[in-house]
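User: Please take one part of this model, look at it closely, and then follow the description outward to whatever else can be said with care. I would prefer one connected account to a list.

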Amino acid sequence: IFAFHEQEVGPIRFDEPFGGWVATRYSDVNRVLTEHEVFSSDELRYSTQPIPHSSNPLLRGLQATDPPRHHALRRIVSQVFTPRAVASLEPLIEAKVDALLASAGSTFDLIGEVAYPLSVHTIAGLLGVRPSRWPDFVRWTEAITSFFGTFAADETRQAAFHQALTEMGAYFREEFERPEGIIGTLMTSDLTEHEVIDFCTLLLINGHETTKSLLVNAILCLVSRPKPADMRSAVEEVLRYLPPTGGTDRFVTRPTTLGGRELQPGQRVVAMITAANRDPGVFADPHTFDPNRKSNPHLSFGHGIHFCLGAHLARMEVRIALTALLDRPWRITDLDTHRTPVGIDVLKVTLAPGRRAAD
Ligand code: HEM
């Protein structure tokens, strides 16, 4: 359902298989994201539909709560993610990218050898996880995200999911003996142990797949072009053009009108970021990738109280990795696209030294 040309079928429609409204116009998507009193993030409280994975820790965490609990949770961790705090990580991330590229060899898989370890190691490092356990975090994150993508009962994935949560919980309990990083900050708050584990799970999952996708999308957008003069605006344009998060769900709390349609309490609405980012009323020539685009108010990190906590971090990680990659001579030798269970397109990109296609 996350198509780019949704506006062509009207600003909002009820999608039967999905069981909810799909909002595509920029102004409507922005409203769904901003008016948290009408469009709640608390699925467990407002949804009138059966919830496939009600044991999902993400349904209890920051992203799935409304004020006042949302404000209380967000205040606890927001200091870790300020632009200043994130900027202080820049030298570490540069060193990480250099080390990954140095050990990658002459032909390597961009996802497996650079994008995955970069995003998961950064967030695991921020959490205060010991480097020797970072590979476990990659494994656990994969098991958890792949389980959420399956709506049919899948016993193997379910077992892997529970196993990953148990192992991760055990690890966090061990870490409580020597708190550092975000785990340390959370432990001095009044959160329960379960809440701390839920929160760490949320950060890992949110910070991992999305940042990896952004880097891959950036490579695909920029591969046949000269290195952009302004890498920051190029990254913003990749975010607008190919957003890693296609859309996000809300639940109607009271009768309301959206895009001329009447919405009822309990109904699900998906705010389609992909479509809003290509609304011709907001973005000139929306289907053209323009790394020098001047005004770029894309909604790829959401908007309002749930605006992405890791936005500064993700932008910085991807800018550093792209700058390092685009400085090297390379070309794409293999591009393998397939769908993961979570419904995200994964692109396996193999790079090799040599002249780039555009050179
Ligand atoms: C929220 C996208 C990276 C942590 C969000 C939302 C979006 C988003 C669209 C809003 C969801 C909603 O309103 O329902 C992205 C993209 C990323 C990225 C596109 C990478 C390119 C990260 C990273 C982290 C992170 C690196 C953590 C280290 C979070 C958290 C929330 C969130 C905790 C929930 C905030 C709240 O509910 O107050 N993200 N994200 N994200 N993101 Fe990200």
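**The open sheet and what lies beyond it**

Analyst: The part to begin with is an open sheet of five strands, whose order is E1-E2-E8-E5-E3 and whose pairing is mixed. Its edge strands are E1 and E3, the latter covering residues 39-40, and each of these pairs on one side only. The model is a predicted one, and the details that follow should be read in that light.

At one edge, strand E1 (residues 12-15) and strand E2 (residues 20-23) run antiparallel and are joined by four bridges. Within this pair, Phe 14 stands opposite Trp 21 of E2, while Asp 15 has Gly 20 as its bridge partner in E2. The two strands form a hairpin with four residues between them, and there Gly 19 adopts a positive phi near 75°.

At the other edge, E3 runs antiparallel to strand E5 (residues 247-252), to which two bridges join it; here Phe 39 faces Val 252 of E5. E5 is in turn joined by five bridges to strand E8 (residues 268-272), again in an antiparallel arrangement, and in E8 the bridge partner of Phe 251 is Arg 268. As a general point for reading such strands, in a regular strand the side chains alternate between the two faces of the sheet.

Turning from the sheet to the helices, the largest nonpolar core has 57 residues, among which Leu 127, Cys 200 and Ala 218 touch the most other members. At least two residues of this core come from each of helix H3 (69-78), H6, helix H7 (134-148), helix H8 (155-175), helix H9 (181-187), H10, helix H11 (231-241) and H13. The largest share, 14 residues, is supplied by H10.

H10 has 30 residues, which at 1.5 Å a residue should span 44 Å, and because its end C-alpha atoms are 44 Å apart, the two values agree. Of those 30 residues 24 are buried, so that by the 20-neighbour cut-off the helix is mostly covered.

Helix H6 (residues 110-127) contains 18 residues and reaches 24 Å from its first C-alpha to its last, which is close to the 26 Å expected at 1.5 Å a residue. This helix bends by about 30° at Pro 117. H6 is mostly covered, with 15 of its 18 residues buried, and Gly 128, which follows the helix, has a positive phi near 95°.

The ligand brings H10 back into view. Around the ligand there are 26 residues, the closest being Gly 207, Thr 210, Gly 302, Cys 308 and Gly 310. Helix H10 (193-222) and helix H13 (311-326) are the elements that give two or more residues to this shell, and H10 gives the most, with seven residues. By class the shell has 13 nonpolar residues, twelve polar residues and one charged residue.

A last position to consider is Gln 63, in the loop between helix H2 (43-46) and H3. Gln 63 has 19 other C-beta atoms within 10 Å and is therefore partly exposed, because a residue must have 20 or more to count as buried. Gln 63 and Ile 219 are 156 residues apart along the chain, and their C-alpha atoms are separated by 29 Å.

Key: Residues are numbered from 1 along each chain as its sequence is written. This is a predicted model: local features need pLDDT of at least 70, side-chain atom pairs count only at pLDDT 80 or more; totals for chains, interfaces and linings use all residues. A residue is near a molecule or strand if its C-beta atom, placed from the backbone, lies within 6 Å of it. Ala, Val, Leu, Ile, Met, Phe, Trp, Tyr, Cys and Pro count as nonpolar, Asp, Glu, Lys and Arg as charged, and the others, Gly among them, as polar. The expected span of a helix is 1.5 Å times one less than its number of residues. The bend at a residue is the angle between axes fitted to the seven residues ending there and the seven starting there. A residue is buried if 20 or more other C-beta atoms lie within 10 Å of its own, exposed if 12 or fewer, and partly exposed in between; C-beta atoms are placed from the backbone. Two strands pair if DSSP finds at least two bridges between them. A nonpolar core is a set of buried Ala, Val, Leu, Ile, Met, Phe, Trp, Tyr and Cys residues joined through C-beta atoms within 7 Å.
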